[in-house]
Amino acid sequence: MRIAISIGLLAFLAAVGAYAYEGLTVDAPVPTYGIVVFTIGIALLAAVCIGLMGLLFYSSRRGYDEPPHIKR
């Protein structure tokens with residue numbers, strides 16, 4: 001079963017690689033709005049990632065990740 005899954009995933013990887021290669025070899029120019037939207041998307045993604053990592057470090061440093069301590 002592991003071999004069948006590995007072969008299937010490798011075939012999927014090869015198909016995605018071929019599709020990406022075909023897309024990268026086309027000499028069609030990217031319009032200005034495409035570059036602007038792509039840049040905005042990358043900036044928003046970076047902001048979300050930085051914010052989530054900040055929250056992760058904040059909660060770890062403040063002890064919010066520790067199991068609850070019940071006082072009896």
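In the predicted model, helix H1 is hardly covered, the count of buried residues among its 23 residues being zero. This helix, formed by residues 2-24, reaches 33 Å from its first C-alpha to its last, a value close to the 33 Å expected at 1.5 Å a residue. Burial is also scarce in the protein as a whole, where 1% of the 72 residues count as buried.

The secondary structure of the protein consists of two helices and zero strands. The radius of gyration is 22 Å, well over the 11 Å that the globule rule gives for 72 residues, and the protein is therefore more spread out than a compact globule. Along the principal axes, the C-alpha atoms fill a box of roughly 70 × 45 × 10 Å.

Helix H2 comprises the 31 residues from 32 to 62, which at 1.5 Å a residue should span 45 Å; the end C-alpha atoms are 45 Å apart, so the expected and computed spans agree. Just after H2, Gly63 takes a positive phi of about 85°. An unreviewed UniProt entry carries the annotation "transmembrane region" for residues 30-58. In the model, the span of residues 30-58 is 93% helix and 0% strand, and its end C-alpha atoms lie 40 Å apart.

With regard to surface and charge, the protein exposes about 7200 Å², of which carbon and sulfur atoms supply 73%. The side chains include 5 positive and 4 negative ones, and the centres of these two sets lie 27 Å apart.

How values were computed. Residues numbered from 1 in each chain as written. Predicted model: local features only at pLDDT ≥ 70, side-chain atom pairs only at ≥ 80, totals over all residues. Heavy atoms only, no water. Helix = DSSP H or I, 4+ residues; strand = E, 2+ residues; numbered from the N terminus. Expected span 1.5 Å × (residues − 1). Buried < 20%, exposed > 50% of the residue type's maximum accessible area, 1.4 Å probe, protein only. UniProt positions renumbered as here; feature names shortened; annotations may be inferred. Rg over C-alpha atoms; globule rule 2.2 N^0.38 Å. Areas by Shrake-Rupley, 256 points an atom, 1.4 Å probe, with all protein chains shown as cover. Lys, Arg positive; Asp, Glu negative; His and termini not counted. Charge placed at Lys NZ, Arg CZ, Asp CG, Glu CD.
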